[in-house]
Amino acid sequence: MATEPKHDVFICFRGRDCRDEFLPNLVKSLKGAGIVPFLDEDTEKGVGITPQLLAAIEESWSSIIVMSKRFATSTHCLGELEVILKKNKTSGYPVMPIFYRVDPSHVKNLKKGFKKAFTKHKMVESGDQVNRWKDALAEFGNLVGWVFPSPKYR
């Protein structure tokens with residue numbers, strides 16, 4: 001990274017799953033600890049979101065990925081995940097995984113909603129892209145992270 005990071009942490013999440021409950025608490029805790037997060041609501045209106053999000057990943061010191069039940073239904077989320085994990089491999093970019101109401105083994109092995117999402121992606125995306133996203137989810141599922149709220153939901 002050539003310049004000083006603008007954000008301490010980029011938060012990758014599926015808004016539909018956690019924007020109202022989990023995310024506000026996470027952001028409040030981060031800010032309370034003096035950590036500056038980047039959220040998609042910080043993007044410029046009227047401008048394409050994907051380039052802004054990819055730039056924000058590059059401009060962040062680290063990422064938190066909140067893996068939730070419908071995360072894999074979003075091609076935006078999968079694209080961010082792929083970029084974040086690649087950056088982690090190539091430069092040691094810190095990644096903090098949170099498994100929010102999902103079992104890490106379901107992510108890694110594409111079970112339940114993750115399998116269903118990929119059945120739909122196969123119909124509209126190239127096979128190479130779908131395989132990269134699958135590989136990214138398998139890699140993410142193997143990371144040690146925080147399971148929230150607890151394994152009881154399984």
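# A tour of three helix pairs and a pocket

In this predicted model, helices H3 and H4 are roughly parallel to each other, because their crossing angle falls under 35 degrees. To see this, select residues 49–58 for H3 and residues 75–91 for H4; the two axes come within 11 Å and cross at roughly 25 degrees. Viewed along the line between the axes, the crossing of H3 and H4 is right-handed.

Next, display the side chains between H3 and H4. On the H3 side, select Ile49, Thr50, Leu53, Leu54, Ile57 and Glu58; on the H4 side, their partners are His76, Glu80, Val83, Ile84 and Lys87. Coloured by class, this contact shows six nonpolar, two polar and three charged residues.

**The second largest pocket**

Keep His76 and Glu80 selected, and add Phe13, Asp40 and Cys77: these five lie nearest the centre of the second largest pocket, among the 15 residues that line it. The space in this pocket amounts to about 180 Å³. Strand E1 (7–13), H3 and H4 are the elements that each give two or more residues to the lining. Of these, E1 supplies the largest share, with four residues. The lining as a whole comprises eight nonpolar, three polar and four charged residues.

**From H4 to H7**

Stay with H4 and turn to its contact with H7. Here the axes come within 9 Å, and they cross at roughly 65 degrees. This crossing is left-handed, whereas that of H3 and H4 is right-handed. From H4, select Thr75, Leu78, Gly79, Leu81, Glu82, Leu85 and Lys89; from H7, select Gln129, Arg132, Trp133, Ala136, Leu137, Glu139 and Phe140. The contact of H4 with H7 contains seven nonpolar, three polar and four charged residues.

**From H7 to H6**

The last stop is the pairing of H7 with H6. Select residues 113–124 for H6 and residues 127–141 for H7; the helices pack at an angle of about 165 degrees, and their axes are 10 Å apart. H6 is therefore roughly antiparallel to H7, since the angle is over 145 degrees. The crossing of H6 and H7 is right-handed.

For the side chains in this contact, select Phe114, Phe118, His121 and Lys122 in H6, together with Val130, Trp133, Lys134 and Leu137 in H7. Five of the residues in the contact of H6 with H7 are nonpolar, one is polar and two are charged. Finally, centre the view on Trp133 and Leu137 of H7: both belong to the contact with H6, and both also belong to the contact with H4.

Conventions: Residues numbered from 1 in each chain as written. Predicted model: local features only at pLDDT ≥ 70, side-chain atom pairs only at ≥ 80, totals over all residues. Heavy atoms only, no water. Axes fitted to C-alpha atoms, helices over the stretch in contact; angles between N-to-C directions. Parallel < 35°, antiparallel > 145°, perpendicular 65-115°, else oblique. Left-handed = near helix turned anticlockwise from the far one by under 90°. Contact = heavy atoms within 4.5 Å. Nonpolar A, V, L, I, M, F, W, Y, C, P; charged D, E, K, R; others polar. 1 Å grid on protein atoms, 1.4 Å probe; cavity = no way out; pocket = protein on both sides within 12 Å on 5 of 7 lines; lining within 4 Å. Points joined across faces, edges and corners; volume = space filled by probe spheres on them.
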